[in-house]
Amino acid sequence: MAKKEFNEKLTTKELARKYAEKYNTSIIKSQEFVFNFLELWKELVKEGNGLLLHGVGSVNVYTEPEGEVRNPLTNEMVLKKERQKVKFSFSNTFKDYVK
């Protein structure tokens, strides 16, 4: 099977720099915008809110119920606590754009 090749990932600062270049604004203002947007996003998700980014995708937060699971090393049954899970799904519009 062929190994997947991935493009280089941008850091948050690099994203802010590209934003500044594209929209002809200062790097400081663009960094402030990007960092504030991401902080708000994290706060909303932490509070249990989903997020719909039109044309990009959606973030959903759901509760996974507690239940028994088997420890594969010891075969012992262990109680797994209830927890919050986060799922990001890309929209079909975004997937078609990237193709």
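**Close-up views of a predicted model**

**View 1. Strands β2 and β5 pair side by side.** Residues 57-64 make up strand β2, which pairs with β5 in the antiparallel sense over eight bridges. This is a predicted model, so please read every view with that in mind. For a spot to zoom in on, try Asn 60, whose bridge partner in β5 is Lys 87. As a reminder, strands of a sheet pair through backbone hydrogen bonds, and they can do this in a parallel or an antiparallel way.

**View 2. Three strands make an open sheet.** Stepping across the sheet, the strand order is β1-β2-β5, with antiparallel pairing. Strand β1 (51-53) and strand β5 (83-90) are the edges, each pairing on one side only. On average, neighbouring strands here are turned by 20° against each other, direction ignored.

**View 3. Helix α2 lies across the sheet.** Look for residues 27-46, which form α2. This helix lies across β1, β2 and β5, and runs at about 140° to β1.

**View 4. The largest pocket has a mostly nonpolar lining.** About 700 Å³ of space lies in this pocket. It is lined by 16 residues, and those closest to its centre are Leu 15, Phe 37, Leu 53, Val 56 and Phe 94. Helices α1 (12-22), α2 and α3 (92-98), together with strand β5, are the elements that give two or more residues to the lining. The most comes from α2, which gives five residues. Sorted by class, the lining of the largest pocket holds 14 nonpolar residues and two charged ones, with no polar residues.

**View 5. The second largest pocket has a mixed lining.** Here the space comes to about 180 Å³. Its lining is made by Asn 7, Glu 8, Leu 10, Thr 11, Thr 12 and Leu 15. By class, this lining has three polar residues, two nonpolar and one charged. If Leu 15 looks familiar, that is no accident: Leu 15 is also among the residues closest to the centre of the largest pocket.

**View 6. Stepping back to the whole chain.** The protein has three helices and five strands, and their pattern along the sequence is α-α-β-β-β-β-β-α. Its C-alpha trace spans about 60 × 40 × 25 Å along the principal axes. The radius of gyration of the protein is 19 Å, whereas a compact globule of 99 residues would have one near 13 Å.

Note on methods:
Residues are numbered from 1 along each chain as its sequence is written. This is a predicted model: local features need pLDDT of at least 70, side-chain atom pairs count only at pLDDT 80 or more; totals for chains, interfaces and linings use all residues. Side-chain values use heavy atoms; hydrogens and water are left out. Two strands pair if DSSP finds at least two bridges between them. Helices (H or I, at least four residues) and strands (E, at least two) are DSSP runs, numbered from the N terminus. Axes are lines fitted to C-alpha atoms, for helices over the stretch in contact, and angles run from 0 to 180 degrees between N-to-C directions. Contact means heavy atoms within 4.5 Å. On a 1 Å grid over the protein atoms alone, a cavity is a set of points where a 1.4 Å probe fits but cannot get out, and a pocket is an open set with protein on both sides within 12 Å along at least five of seven lines; lining residues have an atom within 4 Å of a point. Grid points are joined across faces, edges and corners, and a volume is the space filled by probe spheres set on the points. Ala, Val, Leu, Ile, Met, Phe, Trp, Tyr, Cys and Pro count as nonpolar, Asp, Glu, Lys and Arg as charged, and the others, Gly among them, as polar. The radius of gyration is taken over C-alpha atoms; the globule rule is 2.2 Å times the number of residues to the power 0.38.
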